[in-house]
Amino acid sequence: MTRANSITLLGVPFDLGAGRRGACGGPEAIMQAGLPEKLQRLGIPWNDAGLLTWPEPQLEQDALPLTALKHLHDVLALNEALHAGVSRIVQQGSFPLVLGGDHSIAIGTLAGLASHYSRLGVIWIDTHSDLNTPDTTPSGNIHGMALAASLGQGDERLTRIGGFGPKIRPEHTVLLGVRDLDPGEKTCIKAQGITCFTMHDIDRRGMSSVMEEAVQVAGKGTDGVHLSFDIDSLDPAEAPDTGTPLKGGLSYREAHLALELLHESGIVTSAELVEVNPSLDTGQKTAQLAVELIGSLLGEQIL
Ligand SMILES: NC(=[NH2+])NCCC[C@H](N)C(=O)O
Ligand SMILES: [Mn+2]
Ligand SMILES: [Mn+2]
């Protein structure tokens with residue numbers, strides 16, 4: 001956490017960007033799992049902006065069913081409202097901590113941030129790269145397109161949330177923890193020159209070395225750095241309650257180390273944690289993990 005004098009929590013109870021319902025319960029589950037008490041114990045001044053609300057979208061204007069962009073109009077309405085909400089928090093000089101919701105909400109978060117930061121770095125910790133477009137998506141689920149849209153790729157309605165775009169540049173974008181890419185996403189990473197640390201890289205080099213480089217790439221020549229953390233980056237043994245789990249993920253210790261190193265770097269100016277889906281009902285394990293991980297990001301230490 002840098003520059004800001006406080007943290008502002010903003011819950012985004014939205015799940016229509018994902019293929020499975022239920023991530024809308026994420027913000028409340030994370031609060032109930034003890035986030036307020038955690039912030040209290042850390043002695044960090046914080047405010048609660050509550051749960052975001054947004055207007056019902058107008059009736060679907062598109063003549064054809066939007067199979068490649070499921071629930072587009074809901075995603076647009078939500079992200080316009082989130083753009084305004086996040087922008088307000090930055091304007092107040094506070095650190096936005098956005099609790100999702102599925103990962104499609106990153107489009108609005110990044111729009112709100114980019115209206116203040118003209119050279120925003122992004123560290124995207126995820127199993128997936130969320131770099132699909134309507135042409136490459138295998139599912140039509142917009143959470144799989146959130147990073148692409150923020151980089152200016154795909155449907156113009158998504159790339160121009162907040163009335164401008166792109167929000168971020170590939171040279172300041174880092175993917176970390178990746179282990180599941182669709183063919184179009186691989187092409188995009190190579191063509192755009194996005195820095196991508198796969199699970200293979202983390203296995204070979206260790207989290208510490210990889211994160212050091214991630215901080216360099218996202219921090220150099222930027223005026224702010226956003227952390228977008230998809231809980232499905234962790235191994236399902238640690239984070240079972242998420243819509244698209246995949247074995248072979250970050251261990252508990254690797255995830256904590258990543259966030260501790262980010263705290264140490266002092267470059268992070270905003271964060272979001274997404275894809276906690278308490279409806280998948282294996283108890284509160286995943287929400288509790290989310291609270292612990294936020295603790296590490298905010299400077300919790302053993303000694
Ligand atoms: N944010 C996520 N969990 N994204 C999952 C995306 C999965 C797949 N790549 C898709 O486009 O549908
Ligand atoms: Mn994601
Ligand atoms: Mn993911």
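Where in the chain is the place of His71? In this predicted model, His71 sits in the loop between strand S2 (46-51) and helix H3 (72-91), and its phi is near 55°, a positive value in a residue other than glycine. With a relative accessibility of 34%, His71 counts as partly exposed. Glu275 likewise has a positive phi, of about 75°, although it is not a glycine; its place is in the loop between S8 and H11. Glu275, however, is buried, with a relative accessible area of 3%, a value under the 20% below which a residue is called buried.

Two peptide bonds also deserve a look while the backbone is under discussion. A cis peptide bond joins Gly100 and Gly101, with omega about 20°, and Gly101 belongs to the loop between strand S3 (95-100) and helix H4 (106-114). The peptide bond from Gly165 to Pro166 is cis as well, with omega near -5°, and Pro166 is placed in the loop between helix H6 (156-159) and strand S5 (173-178).

From the backbone we can turn to the metal ions. The manganese ion (ligand 2) is coordinated by ND1 of His103 and by OD atoms of Asp126, Asp130 and Asp230, at 2.1 to 2.2 Å. Along the sequence, the donor residues of the manganese ion (ligand 2) are spaced H-x22-D-x3-D-x99-D. Within this set, Asp130 and Asp230 link distant parts of the chain, since Asp130 lies in the loop between strand S4 (120-125) and helix H5 (146-150) whereas Asp230 lies in strand S7 (residues 224-230), 100 residues apart. Asp130 is buried, with a relative accessible area of 5%, and Asp230 is buried too, with a relative accessible area of 2%.

Which residue coordinates both the manganese ion (ligand 3) and the manganese ion (ligand 2)? Asp126 does so, and the two ions are 3.2 Å apart. The protein donors of the manganese ion (ligand 3) are an OD atom of Asp126, ND1 of His128, an OD atom of Asp230 and, listed twice, OD of Asp232, lying 2.1 to 2.5 Å from the ion. These donors follow the spacing D-x1-H-x101-D-x1-D along the chain. Because His128 lies in the loop between S4 and H5 while Asp232 lies in the loop between S7 and H10, this pair ties together parts that are 104 residues apart in sequence. His128 counts as buried at 13% relative accessibility, and Asp232 counts as buried at 1%.

Asp130, a donor to the manganese ion (ligand 2), appears again in the surroundings of ligand 1. Of the 14 residues around ligand 1, those that come nearest are Asp130, Asn132, Ser139, Asp182 and Thr244. A polar side-chain atom of Ser139 lies 2.5 Å from an oxygen atom of ligand 1, and a polar side-chain atom of Thr244 lies 3.1 Å from a nitrogen atom of ligand 1. Glu275, introduced above for its positive phi, also takes part, with a polar side-chain atom 3.3 Å from a nitrogen atom of ligand 1.

Ser270 gives a view of the protein interior. This residue is found in strand S8 (residues 268-274) and counts as buried at 1% relative accessibility. A polar contact of 2.8 Å joins the side chains of Ser270 and His226. Leaving aside residues up to four places away in sequence, Ser270 touches Phe95, Pro96, Leu113, Val225, His226 and Leu227. Lys186 offers a contrasting case, for this residue of helix H7 (residues 183-192) is partly exposed, with a relative accessible area of 43%.

The last stop is a pair of helices. Two packed helices are described by the angle between their axes and the distance between the axes. For helix H10 (residues 252-265) and helix H11 (residues 285-297), the axes come within 7 Å and cross at roughly 35°. On the H10 side the contact is made by Tyr252, Ala255, His256, Leu259, Glu260, Leu262 and His263, and on the H11 side by Leu289, Glu292, Leu293, Ser296 and Leu297. The residues of this contact divide into seven nonpolar, three polar and two charged.

Methods
Residues are numbered from 1 along each chain as its sequence is written. Chains are lettered from A and ligands numbered from 1 in the order in which they are written. This is a predicted model: local features need pLDDT of at least 70, side-chain atom pairs count only at pLDDT 80 or more; totals for chains, interfaces and linings use all residues. Side-chain values use heavy atoms; hydrogens and water are left out. Donors are N, O and S atoms within 2.8 Å of the metal (3.2 Å for Na, K and Ca); water is not among the atoms, so sites may look incomplete. Helices (H or I, at least four residues) and strands (E, at least two) are DSSP runs, numbered from the N terminus. Buried means under 20% relative accessible area, exposed over 50%, partly exposed in between (1.4 Å probe, protein chains only). A polar contact is a pair of N or O atoms within 3.5 Å; within protein, one must be able to donate a hydrogen and the other to accept it, and residues adjacent in sequence count only if both atoms are side-chain atoms. Contact means heavy atoms within 4.5 Å. Axes are lines fitted to C-alpha atoms, for helices over the stretch in contact, and angles run from 0 to 180 degrees between N-to-C directions. Ala, Val, Leu, Ile, Met, Phe, Trp, Tyr, Cys and Pro count as nonpolar, Asp, Glu, Lys and Arg as charged, and the others, Gly among them, as polar. A residue is near a molecule or strand if one of its heavy atoms lies within 4 Å of it.
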